[in-house]
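User: Give me a close look at a single part of this model. Start from one residue and follow the neighbouring elements outward. Keep the sentences short.

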Amino acid sequence: MADLQRTFVAVKPDGVQRGLVGEVISRFEKRGLKLIGMKMLHVSKSMAETHYGEHKGKPFYDGLVNYITLSPIVAMVWQGKDAVLLARNAIGATNPGAAAPGTIRGDLAVEIGRNIVHGSDSPESAEREIKIFFQDSELLPDWKRTHQNWISE
Ligand code: DAT
Ligand code: MG
């Protein structure tokens, strides 16, 4: 499948604290993406700075790095056709106030600084972000899901 992609998704500290890990996972599972890696971890300041490097210098950068390091996250890699776009659409707009109902942020969050979940914005970002959080040996891209043929032709 030419457009088979992987994307990095994380339930941020607020999502974990609020007991929304299962809800987030469930949405991606039901959509038809395949989970190929998952771990809980406490993000270090240096990991946070690497992950959010593109935002360095912006007014919200320090708060963002602080937020993602406040308590554990659940980091995941999801795989599927157009996985990056599918995940971004399921997550919704960055500012939950502008996120459509039915999206994770539109249903479960109210503030841009506490928007529950991260999702890579492009296949290139996904590969970069996956490398920050996972070793290759921690990913299982080839496991066979028995109902895959009922999700894609
Ligand atoms: P996204 O998480 O939708 O990819 P982003 O990459 O532009 O959004 O920004 C990363 C995070 O930084 C975002 O989830 C929340 C925070 N953020 C972005 N813009 C912000 C702003 N104007 N004020 C406060 N926080 C902001
Ligand atoms: Mg982003």
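Analyst: Ser71 is the starting point, and this residue counts as buried because its relative accessibility is 9%, under the 20% limit for that class. The model is a predicted one. Ser71 sits in the loop between helix H4 (61-68) and S3. Its side chain joins that of Gln17 through a polar contact of 3.0 Å. Which residues does Ser71 contact, once its neighbours within four places in sequence are left aside? They are Pro13, Gln17 and His42.

The loop of Ser71 leads into S3, and S3 is the part to look at closely. Strand S3 covers residues 73-81. Of its 9 residues, 8 are buried, so the rest of the structure largely encloses S3.

Now the sheet around S3. It is open, has 4 strands and follows the order S2-S3-S1-S4, with antiparallel pairing. Which strands stand at the edges? They are S2 (34-41) and S4. Each has a single partner strand, so one side of each lacks a neighbour in the sheet. Ignoring direction, neighbouring strands are turned against each other by 20° on average.

In general, strands of a sheet pair through backbone hydrogen bonds, and the pairing is either parallel or antiparallel. S3 has a partner on each side in the strand order. Towards S1, the antiparallel pairing has 8 bridges. There, Leu4 stands opposite Lys81 of S3. Towards S2, 7 bridges join the antiparallel strands. In that pairing, Gly37 stands opposite Val77 of S3.

Next comes the S1 and S4 pairing. These strands run antiparallel and are joined by 3 bridges. Val11 has Val117 of S4 as its bridge partner.

Two helices pack on this sheet. H2 touches S1, S2, S3 and S4, and its direction makes about 5° with that of S3. Helix H5 (residues 83-91) touches S1, S3 and S4, and its direction makes about 35° with that of S1.

Aromatic rings also tie into these elements. How many aromatic pairs does a search of the whole structure find? It finds 2. In one of them, the ring centres of Phe8 and Phe133 are 4.6 Å apart and the planes meet at 15°, so the pair is stacked. Phe8 belongs to strand S1 (residues 4-11) and Phe133 to helix H7, so this pair ties together parts 125 residues apart in sequence. Phe8 and Phe133 are both buried.

The other pair reaches S3 itself. Why is the pair of Phe28 and Trp78 tilted? The ring centres lie 5.5 Å apart and the planes stand at 35°, so the pair falls in the tilted class, which takes angles that are neither under 30 nor over 60 degrees. Phe28 is in helix H2 (residues 21-31) and Trp78 is in S3, 50 residues away in sequence. Phe28 is buried, and so is Trp78. The helix that supplies Phe28 is thus also one that packs on the sheet and touches S3.

At the end of S3, look at the turn into H5. Asp82 lies in the loop between S3 and H5. Its phi is near 55°, a positive value, and Asp82 is not a glycine. Is Asp82 buried or partly exposed? With a relative accessibility of 32%, Asp82 counts as partly exposed, since buried needs a value under 20%.

Ile116 is another non-glycine residue with a positive phi, about 70°. Ile116 is placed in the loop between helix H6 (104-108) and S4. At 0% relative accessibility, Ile116 counts as buried.

Beyond S4, a further loop leads on to H7. Ser122 is found in that loop, between strand S4 (117-119) and helix H7 (123-133). Ser122 is buried because its relative accessible area is 17%, again under 20%. Its side chain makes a polar contact of 3.0 Å with that of Ser125. H7 also holds Phe133, the partner of Phe8.

One last detail brings back edge strand S2. Lys39 lies over the face of Phe134, 4.9 Å from the ring centre. Residue 39 falls within S2 (34-41).

To recap the chosen part: S3 is largely enclosed, with 8 of its 9 residues buried. S3 pairs with S1 through 8 bridges and with S2 through 7. H2 and H5 both touch S3.

Definitions and conventions
Residues are numbered from 1 along each chain as its sequence is written. Chains are lettered from A and ligands numbered from 1 in the order in which they are written. This is a predicted model: local features need pLDDT of at least 70, side-chain atom pairs count only at pLDDT 80 or more; totals for chains, interfaces and linings use all residues. Side-chain values use heavy atoms; hydrogens and water are left out. Buried means under 20% relative accessible area, exposed over 50%, partly exposed in between (1.4 Å probe, protein chains only). A polar contact is a pair of N or O atoms within 3.5 Å; within protein, one must be able to donate a hydrogen and the other to accept it, and residues adjacent in sequence count only if both atoms are side-chain atoms. Rings of Phe, Tyr and Trp (its six-membered ring) pair if their centres lie within 6.5 Å; planes under 30 degrees apart count as stacked, over 60 as edge-to-face and the rest as tilted. A charge sits over a ring if NZ of Lys or CZ of Arg is within 6 Å of the ring centre and within 35 degrees of the ring normal. Two strands pair if DSSP finds at least two bridges between them. Axes are lines fitted to C-alpha atoms, for helices over the stretch in contact, and angles run from 0 to 180 degrees between N-to-C directions. Contact means heavy atoms within 4.5 Å.
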